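Colleague: I should like to learn how to read a model of this kind, feature by feature. Could we begin with the helices and then turn to individual residues?

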Amino acid sequence: MMSQTDKWFLALGAANAGAAVALGAIGAHALKDRLSPKMMSVYHTGSQYHLYHALGLMLVGVVALQLPESGLTQWSGWLMLTGTALFSGSLYLLAITGKGWLGAVTPVGGLSLISAWILLAAGVLQV
């Protein structure tokens, strides 16, 4: 039986995957003539990592389904969601606005993503 947390991670992962595809398409079509090549590359990186971690969030949901008692797996999911918002979100905004201070947010998101993957591995090995 699927818990509410499992459902949330799977649903949020799927929603994030859809958003990543939509934002990638916006970047490829609507922004390609408005952004410099450097900022287009920044935007593209945000889009790639957004999609990767949307799939990762769905993986967390599947693993959480198999390991319902693993607090590490649940922490992994929340960190992955937060990290995606901070990492990809800051890159999207940096590319569109050119506000350099947003680049300071990106590493915090990256550390959250790294931590999420480590916690997922630890949660699986804990069993």
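Colleague: How many residues has helix 3, and how far does helix 3 reach from its first C-alpha to its last?

Modeller: Please keep in mind throughout that this is a predicted model. The general idea is to set the end-to-end distance of a helix beside the span expected at 1.5 Å a residue. Helix 3 has 27 residues and reaches 38 Å, close to the expected 39 Å. Directly after helix 3 comes Gly-98, with a positive phi near 75 degrees.

Colleague: What should helix 4 span, and how far apart are its end C-alpha atoms?

Modeller: Helix 4 covers residues 106-126, which makes 21 residues. At 1.5 Å a residue it should span 30 Å, and its end C-alpha atoms are 30 Å apart, so the two values agree.

Colleague: Which helices and strands does the protein have as a whole?

Modeller: There are four helices and zero strands. Along the sequence this gives the pattern α-α-α-α. As for overall dimensions, the C-alpha atoms fill a box of roughly 50 × 25 × 20 Å along the principal axes.

Colleague: Among contacts between residues at least 6 apart in sequence, what percentage join residues at least 24 apart?

Modeller: The figure is 73%. It is helpful to read it beside two totals for the protein. Of the 127 residues, 39% are buried. The accessible surface comes to about 7000 Å², and 72% of that surface belongs to carbon and sulfur atoms.

Colleague: Let us return to helix 4. Which of its residues are buried?

Modeller: A residue is called buried when its relative accessible area is under 20%. In helix 4 this applies to Thr-106, Gly-109, Gly-110, Ser-112, Leu-113, Ala-116, Leu-120 and Gly-123. Because these residues cover an arc of only 160 degrees around the axis, they lie on the same side of helix 4. On the other side, Leu-111, Ile-118, Leu-125 and Gln-126 are exposed.

Colleague: What covers the buried residues of helix 4?

Modeller: The cover includes helix 2, residues 37-66, and helix 3, residues 71-97. Thr-106 offers a case to examine. This residue of helix 4 counts as buried because its relative accessibility is 10%. Apart from neighbours within four places in sequence, Thr-106 is in contact with Leu-86, Phe-87, Ser-90 and Leu-91.

Colleague: Is His-53 buried or exposed?

Modeller: His-53, which is found in helix 2, has a relative accessibility of 8% and therefore counts as buried. To see its surroundings, one lists the residues it touches, not counting those up to four places away in sequence. For His-53 these are Met-80, Thr-84, Leu-113 and Trp-117. Leu-113 is also one of the buried residues of helix 4.

Colleague: Which residues form a nonpolar patch on the surface?

Modeller: The patch is made of Val-21, Leu-51 and Leu-55, which together have about 250 Å² of accessible area. Val-21 belongs to helix 1, residues 4-29. With a relative accessible area of 53%, Val-21 is exposed, since the cut-off for that class is over 50%.

Colleague: How should one read a residue that falls between the two classes, and which residues does Ile-26 contact beyond its neighbours within four places in sequence?

Modeller: Such a residue is called partly exposed. Ile-26, in helix 1, is a case at 40% relative accessibility. It is in contact with Leu-31 and Tyr-43, leaving those neighbours aside. Thr-97, in helix 3, is also partly exposed, with a relative accessible area of 42%.

Colleague: Where is Arg-34 placed?

Modeller: Arg-34 is in the loop between helix 1 and helix 2, and it counts as exposed at 70% relative accessibility.

Colleague: Finally, how does one set separation along the chain beside distance in space?

Modeller: One takes a pair of residues and gives both values. Arg-34 and Gly-110 are 76 residues apart along the chain, and their C-alpha atoms are separated by 27 Å. For Thr-97 and Ala-11, 86 residues apart, the C-alpha separation is 30 Å. Ile-26 and Ala-15 are 11 residues apart, with 16 Å between their C-alpha atoms.

Methods:
Residues are numbered from 1 along each chain as its sequence is written. This is a predicted model: local features need pLDDT of at least 70, side-chain atom pairs count only at pLDDT 80 or more; totals for chains, interfaces and linings use all residues. Side-chain values use heavy atoms; hydrogens and water are left out. Helices (H or I, at least four residues) and strands (E, at least two) are DSSP runs, numbered from the N terminus. Buried means under 20% relative accessible area, exposed over 50%, partly exposed in between (1.4 Å probe, protein chains only). Contact means heavy atoms within 4.5 Å. Accessible areas come from the Shrake-Rupley method with a 1.4 Å probe; for residues, only the protein chains shown count as cover. Patches are made of residues with over 30% relative accessible area and no salt bridge: like charges are joined within 9 Å, nonpolar side chains (Val, Leu, Ile, Met, Phe, Trp, Tyr) within 5 Å. A salt bridge is a side-chain nitrogen of Lys or Arg within 4 Å of a carboxyl oxygen of Asp or Glu. The expected span of a helix is 1.5 Å times one less than its number of residues. The arc is that of the directions from the helix axis to the C-beta atoms.
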